[in-house]
Amino acid sequence: MRKLLTAITLFFCLSNATLAQQKTLQAIKAISAPRIDGSLDDAAWKNAPVATNFITNSPVYGNAANKATIVKVIYDDANLYIGAYLFDNPDSIRKQFTTRDGNNRADVDYFAVFIDTYKDRQNGFQFLATTRNVQSDARLSASAETGFGEYGDLSWDAVWDSKVAFHKDGWSVEFRIPFYSLRFSKNNIQDWGINFLRFSRRNNEGSFWNPVNPNENGFVNQFGDLSGLQNLLPPLRLSFSPYISGGYRTTPSIFQGRINEALYSGGLDVKYGINESFTLDATLIPDFGQVISDNIVNNLTPYEVQFRENRPFFTEGTELFNKAGTFYSRRIGDLPAKYYDVKGFVESDPARTYTIKKNPEVNKLYNAIKLSGRTKDNLGIGIFNAITAPSYAKLKNNNTGADSSIQTEGLTNYNIIVLDQALKNRSSITFTNTNVLRNGTDRDANVTALDIALYDKHNRFGVTTRGRYSKVFGPGGYDGFAATISGGKVSGKWQYGLTTNIESDQYDPNDLGILRAPNEIQNEAEISYNIFTPTKHFLNHRFSLGVEQSYLYKPTVFQKNELRASAFFIFKNFWDLSINSYIAPTWYNDYFEMQTPRNLRQTPRQNLRRSQYYSLFAEGSSDSRKKLFGRWEVGFAEGPQRNDPFFLTNFGMRYRFSDRLSVDISYNRQYDRGQFGYAFIRNTNGSPILARRKFYDATTIVSGVYNFTSRMNLTFRARHYWNRIENTHLFDIDNKGNWDWNNSRTDLNPSDYNQNYNAFNLDVFYVWDFKLGCRIIAGWKNWLGRDYEDGISGNKYTHYLSNAAQLFSNPHGNEFTFRVIYFIDYMQLRKKK
């Protein structure tokens with residue numbers, strides 16, 4: 001018996017050692033380049049070492065992969081080649097067409113390679129191809145935001161080639177990754193970090209060549225090694241992407257009728273490898289008209305709404321510039337500062353003296369550049385610069401016929417400098433400086449940030465510290481600071497951490513970054529238990545508990561206590577369930593809701609006393625392998641106020657009609673019967689009035705994609721948003737934020753301040769990648785006119801469907817565009833000549 005126990009113990013020790021051991025693959029230089037056709041029968045592959053014995057990462061960690069995979073790597077003077085043979089039953093291989101970077105949750109198998117060219121265990125590249133040869137690529141970094149099945153920043157697109165072939169016992173794929181799409185140091189002999197991923201959709205199995213433990217913090221640090229790369233000569237990395245575009249836009253306006261515009265533009269994107277490690281990206285006279293519409297909402301909060309960045313230049317390869325979180329690229333080309341001043345001036349004049357002939361909604365971008373790279377000593381350097389043109393509104397005097405111009409935004413220069421030193425054990429120290437320089441007397445701004453992340457050699461514990469200093473120059477200039485320190489256990493089944501964050505009342509990074517509100521002190525503690533081994537009912541599950549306490553920084557007064565608890569489960573049928581609870585056990589203070597003073601950095605602030613609450617939310621989704629995939633969320637919150645429940649319901653489903661066509665529909669609804677908030681009216685002395693209101697909010701989104709081929713598709717997305725505010729009571733509040741239920745305002749009619757807001761957007765895009773790096777895009781945009789978004793009567797049309805039915809009785813805007821982008825590689829062009 002003792003011998004048996006000893007043998008079992010030895011077996012598990014050897015198994016754990018095998019999983020923890022870092023695998024190595026020898027790099028072989030090819031005498032002749034393989035033909036990229038998806039098959040591995042070229043002589044170049046014959047003697048290449050094999051990477052095999054993949055280990056599962058999901059849905060269960062640590063098992064041998066269900067099907068065998070072999071991978072080979074070779075290289076020549078210009079390219080890195082990856083060849084993979086994936087054994088499988090041909091009838092079981094999933095083959096759905098998707099858009100580029102759209103493989104996640106699709107019914108398709110895929111293979112990916114991850115490369116850490118500097119072997120800093122923090123940064124790298126991903127290249128992926130599906131069984132339909134649809135490509136996906138991403139930049140990997142310690143700060144990249146990832147989701148389920150995503151490992152890096154998918155907005156980055158590289159130019160590379162791949163092909164897929166099918167066989168009686170599986171499928172195979174070949175990659176040709178040009179060295180001009182990578183960055184690496186100039187050493188005679190190099191070792192890179194590398195890993196391979198195979199994903200089999202029929203059983204949702206993801207397996208890696210070098211094991212990736214979900215209980216270990218980090219991803220790139222769990223790669224294997226590609227050793228012995230010799231005499232790599234980084235090529236001249238110079239490419240051009242000229243474009244031409246044209247189109248037509250018609251925009252409805254209450255005061256101007258329809259504004260019709262012909263759209264035409266042309267520009268150029270340039271990539272230039274200054275040396276083996278650094279690349280300069282430049283865009284000249286860019287046109288960002290063909291991007292998806294923003295999710296506009298009726299913002300009742302005192303905080304700014306943050307929109308997603310959709311412009312390619314500001315999403316591709318910007319992970320280094322935003323490692324400190326002080327870069328919000330939507331500031332560049334934003335709404336001109338005096339746009340609403342001009343609009344308000346014209347519309348408030350009862351005599352209608354002026355007509356707006358032109359009032360640009362964006363600041364036009366002259367050009368922008370990004371210089372970034374990493375030295376052989378793992379020092380990352382980034383320099384960003386963008387210049388926006390001055391914006392002018394043009395007004396016509398209806399009496400004299402004369403035109404006049406008003407500057408709504410001056411010439412502005414945006415700059416970022418980043419120094420990021422990668423250290424051992426995934427540690428790093430990062431210096432970031434952002435500054436904004438405006439022409440004339442308009443304000444200038446500067447933010448300096450220092451970030452330090454330290455991890456022990458076993459990657460179990462970590463400490464991070466952050467410091468920020470902001471300075472605004474000009475009349476009434478001011479400065480402020482922010483600091484954060486956090487630490488805890490970052491790997492293992494049990495993980496925990498403590499965080500303290502301080503933001504001074506005058507800290508302001510918002511000229512090139514975004515901060516919802518300064519003037520806060522937050523203390524937070526969290527603990528979690530993570531189980532990634534299957535049990536009787538679950539494939540994996542996790543639990544977490546957290547507590548947060550916040551104060552106002554100036555003056556230092558209590559704001560809020562909140563308790564959090566959550567649980568997440570993946571069932572053996574691949575359904576999932578998440579449960580979250582938030583509890584405020586005591587009355588708390590809200591110093592921002594009443595928007596007094598309006599400037600969020602000014603003190604003292606008008607308080608609003610809010611009651612304690614408890615809430616419970618549950619969400620989940622079905623097996624996404626099925627043709628019909630559903631997701632849902634329900635939530636409920638309650639407090640001691642009279643008849644004050646909050647309800648949340650979100651439902652969505654995606655149906656895959658075929659391997660080429662899928663459609664997704666979602667409906668999200670919130671209803672708060674007793675919401676307390678600023679009524680957007682004030683007393684004669686300037687004090688704000690509090691409203692108790694019924695809050696309705698609903699969004700419907702219908703989207704879909706039809707893939708003609710792996711490089712050609714048609715996508716559409718229609719979104720209707722409705723928000724209705726029905727005020728039931730109005731109150732005055734005292735300096736401490738209290739109000740009296742029995743003393744509501746009777747001199748004001750609450751319903752006079754109701755709101756009914758609708759927004760609608762339709763985006764349709766045809767995309768054809770007709771050659772590597774070359775693209776044709778045709779687009780149509782339709783939207784409810786901005787002047788008509790609150791034009792539907794909330795008293796007459798009180799329900800969602802009745803509001804939606806009235807959408808098309810109001811004027812809509814339309815835009816039709818066509819663009820051609822052509823990729824020119826200087827080295828290929830020179831070879832042809």
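Here are some friendly notes on this predicted model, point by point.

1. Overall build. The protein chain has 833 residues and a radius of gyration of 29 Å, which agrees with the value near 28 Å for a compact globule. Along the principal axes, its C-alpha atoms fill a box of roughly 85 × 75 × 50 Å. The secondary structure comes to five helices and 43 strands.

2. Burial and contacts. Of the 833 residues, 52% count as buried. The chain exposes about 38400 Å², and carbon and sulfur atoms supply 56% of that area. If you look at contacts with a separation of 6 or more, residues 24 or more positions apart account for 63% of them.

3. Salt bridges, with D77 and K29 to begin. A search of the whole structure finds 44 salt bridges. One of them joins D77 to K29, with the closest N and O atoms 2.7 Å apart. D77 sits in the loop between β4 (69–75) and β5 (79–87), while K29 belongs to strand β2 (residues 28–29), so the salt bridge ties together parts that are 48 residues apart in sequence. D77 is partly exposed at 47% relative accessibility, and K29 is partly exposed as well, at 38%.

4. D281 and K271. Please have a look at this pair too: the side chains meet in a salt bridge at 2.3 Å, N to O. D281 is in strand β16 (residues 278–284) and K271 in strand β15 (residues 257–273), and the two are ten residues apart. Is D281 buried or exposed? With a relative accessible area of 7%, D281 is buried. Its partner K271 counts as partly exposed, at 37% relative accessibility.

5. K560 and E562. These side chains also form a salt bridge, with 3.6 Å from N to O. The cut-off for buried is under 20% relative accessible area. E562, at 16%, is therefore buried, whereas K560, at 22%, is partly exposed.

6. A charged network. Which residues are linked in a network of salt bridges? They are E409, R438, R443, D508, D511 and R601. I would display these side chains together when going through the model.

7. A nonpolar patch on the surface. L419, L423, I429, F431, L450, L454, V463 and I485 form this patch, and together they have about 620 Å² of accessible area. Strands β23 (428–438) and β24 (444–455) each supply at least two of its residues. F431 is found in strand β23 and is partly exposed, with a relative accessible area of 34%.

8. Aromatic pairs. The structure holds 53 aromatic pairs. In one of them, F114 and F208 are tilted, 6.1 Å centre to centre and with 40° between the planes. This pair links distant parts of the chain: F114 lies in strand β6 (residues 110–116) and F208 in strand β12 (residues 205–208), 94 residues apart. Both F114 and F208 are buried.

9. F731 and W739. The ring centres of F731 and W739 are 6.5 Å apart and the planes stand at 50°, so this pair is tilted. F731 and W739 are both buried.

10. An aromatic cluster. Which residues do ring pairs link into a cluster? The members are F111, F125, F127, W156, W160, F175, F196 and W209.

11. The surroundings of N580. N580 has its place in strand β31 (residues 576–584) and is buried, with a relative accessible area of 16%. Leaving out residues up to four places away in sequence, N580 touches A565, S566, S615, L616, F617 and E619. How far apart in space are N580 and G791? They are 38 Å apart, C-alpha to C-alpha, and 211 residues apart in sequence.

12. Where to look again. For charged pairs, D77 with K29 is a pair whose residues are both partly exposed, and D281 with K271 joins a buried residue to a partly exposed one. For aromatic pairs, F114 with F208 and F731 with W739 are both tilted.

Methods. Residues are numbered from 1 along each chain as its sequence is written. This is a predicted model: local features need pLDDT of at least 70, side-chain atom pairs count only at pLDDT 80 or more; totals for chains, interfaces and linings use all residues. Side-chain values use heavy atoms; hydrogens and water are left out. A salt bridge is a side-chain nitrogen of Lys or Arg within 4 Å of a carboxyl oxygen of Asp or Glu. Helices (H or I, at least four residues) and strands (E, at least two) are DSSP runs, numbered from the N terminus. Buried means under 20% relative accessible area, exposed over 50%, partly exposed in between (1.4 Å probe, protein chains only). Patches are made of residues with over 30% relative accessible area and no salt bridge: like charges are joined within 9 Å, nonpolar side chains (Val, Leu, Ile, Met, Phe, Trp, Tyr) within 5 Å. Accessible areas come from the Shrake-Rupley method with a 1.4 Å probe; for residues, only the protein chains shown count as cover. The radius of gyration is taken over C-alpha atoms; the globule rule is 2.2 Å times the number of residues to the power 0.38. Contact means heavy atoms within 4.5 Å. Rings of Phe, Tyr and Trp (its six-membered ring) pair if their centres lie within 6.5 Å; planes under 30 degrees apart count as stacked, over 60 as edge-to-face and the rest as tilted.
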